[in-house]
Amino acid sequence: DKNAKALVKKLLTADLSKRYGNLKDGPNDILKHKWFSTLDFGKLEKLEIPAPYKPAMKDDMDVSNFEDIPDSNELPPSVPASQDPFVDW
């Protein structure tokens, strides 16, 4: 779908001054994109649109649809102060 590709491309633009969501119209650039043209946002907001896919669940606490990823004991690599992008925060 060319509209989906165009939207994703605009959302993933590295240049923040050209990325959808950061432009003059903010989130409206995204909401008014052609890919969303058939979606009624009013109905979506009121939860009147059914989910296109609803996985089977045993109960509200069922997590069987998620991959089991074991916890890691490894620490992330250390970042030297000269390369720390958050040093001035």
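**Exercise 1. Radius of gyration against the globule rule**

Take the predicted model and put the radius of gyration of the protein chain next to the value for a compact globule of 89 residues.

*Solution.* Start with the reference: a compact globule of 89 residues would come out near 12 Å. Now the chain itself, which has a radius of gyration of 20 Å. For the outline, lay a box along the principal axes, and the C-alpha atoms fill roughly 50 × 45 × 25 Å. Next, check burial: buried residues make up 8% of the 89 residues. Then the surface: the accessible area is about 8800 Å², and carbon and sulfur atoms account for 57% of that. Finish with the contacts. Take those between residues at least 6 apart in sequence, and 26% of them join residues at least 24 apart.

**Exercise 2. Secondary structure**

Count the helices and strands in the protein chain, and write down their pattern along the sequence.

*Solution.* The tally is three helices and zero strands. Reading along the sequence, you get α-α-α. For the ranges, helix 1 covers residues 2-11, helix 2 covers residues 28-31, and helix 3 covers 41-45.

**Exercise 3. Two residues of helix 1**

Sort K9 and L11 by accessibility, and work out which of the two belongs to a nonpolar surface patch.

*Solution.* First, place them: K9 is in helix 1, and so is L11. K9 has 65% relative accessibility, so K9 counts as exposed. L11 has 32%, which makes L11 partly exposed. A patch residue needs over 30% relative accessible area, and L11 is at 32%. Sure enough, L11 forms a nonpolar patch on the surface with V8 and L12. Together, these three have about 270 Å² of accessible area. One more distance for K9: Y20 is 11 residues away along the chain, with 9.2 Å between the C-alpha atoms.

**Exercise 4. The surroundings of D29**

Is D29 buried or exposed, and which residues does D29 touch beyond four places in sequence?

*Solution.* Find D29 in helix 2. The relative accessible area of D29 is 17%, so D29 is buried; the cut-off for that label is under 20%. Now leave out residues up to four places away in sequence, and D29 touches Y20 and L23. For another spatial check, go to L7: D29 and L7 are 22 residues apart in sequence, and their C-alpha atoms are 9.7 Å apart.

**Exercise 5. The aromatic cluster**

Classify the ring pair W35 and F36, and say why the label fits.

*Solution.* A pair of aromatic rings is described by the distance of the centres and the angle of the planes. For W35 and F36, the centres are 5.0 Å apart and the planes meet at 80 degrees, so the pair is edge-to-face. The angle to beat for that label is 60 degrees. Widening the view, the structure has two aromatic pairs, and W35, F36 and F41 form one cluster. How covered are the two rings you just classified? W35 is partly exposed at 40% relative accessibility, while F36 is buried at 18%.

**Exercise 6. In and after helix 3**

Where does L47 lie, and what is its phi angle? Then work out how far apart G42 and P76 are in space.

*Solution.* L47 is in the segment after helix 3. The phi of L47 is near 60 degrees, a positive value in a residue other than glycine. L47 also counts as exposed, because its relative accessibility is 74%. Step back to G42, which is inside helix 3. With a relative accessible area of 36%, G42 is partly exposed. Now jump to P76: the sequence gap from G42 is 34 residues, and the C-alpha atoms are 43 Å apart in space.

Methods:
Residues are numbered from 1 along each chain as its sequence is written. This is a predicted model: local features need pLDDT of at least 70, side-chain atom pairs count only at pLDDT 80 or more; totals for chains, interfaces and linings use all residues. Side-chain values use heavy atoms; hydrogens and water are left out. Patches are made of residues with over 30% relative accessible area and no salt bridge: like charges are joined within 9 Å, nonpolar side chains (Val, Leu, Ile, Met, Phe, Trp, Tyr) within 5 Å. Accessible areas come from the Shrake-Rupley method with a 1.4 Å probe; for residues, only the protein chains shown count as cover. A salt bridge is a side-chain nitrogen of Lys or Arg within 4 Å of a carboxyl oxygen of Asp or Glu. Helices (H or I, at least four residues) and strands (E, at least two) are DSSP runs, numbered from the N terminus. Buried means under 20% relative accessible area, exposed over 50%, partly exposed in between (1.4 Å probe, protein chains only). Rings of Phe, Tyr and Trp (its six-membered ring) pair if their centres lie within 6.5 Å; planes under 30 degrees apart count as stacked, over 60 as edge-to-face and the rest as tilted. The radius of gyration is taken over C-alpha atoms; the globule rule is 2.2 Å times the number of residues to the power 0.38. Contact means heavy atoms within 4.5 Å.
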